[in-house]
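User: I'd like to learn how to read the contacts and sheets in a model like this one. Could you walk me through it, starting with salt bridges?

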Amino acid sequence: AGVADLGDGRSMTVVTHAGDGSLRRWAVDDSGVWSPSILATMPLGQVPAHLEIADVTGTGRQDVLVSSSHGVAVVHLDTGETITTIEDVDLTDGRWTLLLEDPARGPSLVLAGESAVLIWPPGPGRFPFAAIDVSGRRDPGHSLRSNASGLGTQLAARVEDRWTVRTTHRSGSGPGQSLQPVWFGLGGAPAIDFVAVTWSDGVFQTELNLQEGQVHEIVETQRQLSSCPVLFA
């Protein structure tokens, strides 16, 4: 299973269904009731084994990478449309992950094979990316108490009229926790207009104009030193 936010502030869960090999999306309605819907059938015709949720096209839209014994398929999370497939590769055991080698081009697919590590680098036609590496701080005097790795941090990136929301938690069904930077597709824009950072200790922080093709290091900074902000206009 994987968890994602399409930018409306509501989390959804994507799961694989062993019975019919489908991808199912569980979402909550206005009344607070969770209900499932079929996102897509497995494009490669096999029961899915492992999935990851991430933007791999650079559009700023979340995608689902789902694997089986026949390969891996990339499906748009909001429409269920299959974007592409890598076929004739057995990925049943889930020994693959996404690796951000180049923050400008986006993630590569890495497979731990029996005798070698295989890498599928980003292909042509992607929009540019920008990446963010967060680091929390502990400072009781400024009410800072986040872990140094930034685990649990939520990042909401605004690019023109689009929100992309991600967290530093793993967004897939495999084991382990990645410490890679969090990447955002810019959809053709030159930069992230601003990113709203909510740290694990509740501190809220905003950073502006994060340019494409870079890993931007953001260290937790307490800018809300009083309880009553004043806006001058």
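Analyst: Happy to. Arginine 61 and aspartate 78 make a salt bridge, with their closest N and O atoms 3.1 Å apart. The term stands for a side-chain nitrogen of Lys or Arg within 4 Å of a carboxyl oxygen of Asp or Glu. Arginine 61 is in the loop between β5 and β6 (63-68), while aspartate 78 is in the loop between β7 (71-76) and β8 (82-87), so the contact ties together parts 17 residues apart in sequence. A word on the source: this is a predicted model, where local features need pLDDT of at least 70 and side-chain atom pairs count only at pLDDT 80 or more, whereas totals for chains, interfaces and linings use all residues. Residues are numbered from 1 along each chain as its sequence is written, and side-chain values use heavy atoms, with hydrogens and water left out.

User: Are arginine 61 and aspartate 78 buried or exposed?

Analyst: In between. The cut-offs are under 20% relative accessible area for buried and over 50% for exposed, with partly exposed in between (1.4 Å probe, protein chains only). Arginine 61 comes out at 28% and aspartate 78 at 36%, so both count as partly exposed.

User: How many salt bridges are there in the whole structure?

Analyst: A search of the whole structure gives 4. One of them joins arginine 170 to glutamate 52, at 2.9 Å from N to O. Arginine 170 sits in the loop between β16 and β17, and glutamate 52 belongs to strand β5 (residues 50-54), so this bridge ties together parts 118 residues apart in sequence. The partners differ in exposure: arginine 170 is partly exposed at 26%, but glutamate 52 is buried at 7%.

Another one pairs glutamate 207 with arginine 223, where the closest N and O atoms are 2.9 Å apart. Glutamate 207 is in strand β19 (residues 204-211) and arginine 223 is in the segment after β20, 16 residues apart. Arginine 223 is partly exposed, at 48% relative accessible area.

User: On to sheets. What is the strand order in the sheet that contains β5?

Analyst: First, the bookkeeping. Strands (E, at least two residues) and helices (H or I, at least four) are DSSP runs numbered from the N terminus, and two strands pair if DSSP finds at least two bridges between them. Here the order is β5-β6-β7-β8, an open sheet of 4 strands with antiparallel pairing. β5 and β8 are the edge strands, each pairing on one side only. From one strand to the next, the twist averages 15°; the axes behind that angle are lines fitted to C-alpha atoms, for helices over the stretch in contact, and angles run from 0 to 180 degrees between N-to-C directions.

Zooming in, β5 and β6 share 5 bridges in the antiparallel sense. Histidine 50 has serine 67 in β6 as its bridge partner.

User: Which strands make up the sheet with mixed pairing?

Analyst: That's an open sheet of 3 strands, ordered β17-β12-β20. Its edges are β17 (182-185) and β20 (215-219), each pairing on one side only. The twist here averages 25° from one strand to the next. β12 (residues 129-135) runs antiparallel to β17, and 4 bridges join them. Alanine 131 has tryptophan 183 in β17 as its bridge partner.

Tryptophan 183 also has a charge over its ring: the charged end of arginine 166 is 4.8 Å from the ring centre. That label needs NZ of Lys or CZ of Arg within 6 Å of the ring centre and within 35 degrees of the ring normal.

User: How do I read an aromatic pair, and which residues form one here?

Analyst: A pair of aromatic rings is described by the distance of the centres and the angle of the planes. Rings of Phe, Tyr and Trp (its six-membered ring) pair if their centres lie within 6.5 Å; planes under 30 degrees apart are stacked, over 60 edge-to-face, and the rest tilted. The structure holds 1 such pair. Tryptophan 163 and phenylalanine 194 meet edge-to-face, with 5.6 Å between centres and 85° between planes. Tryptophan 163 is in strand β16 (residues 162-167) and phenylalanine 194 in strand β18 (residues 191-198), 31 residues apart.

User: What does β18 pair with?

Analyst: Strand β15 (residues 154-159) pairs with β18 in the antiparallel sense over 5 bridges, and 7 bridges join β18 to β19, also antiparallel. In the hairpin of β18 and β19, with 5 residues between the strands, glycine 202 takes a positive phi near 95°.
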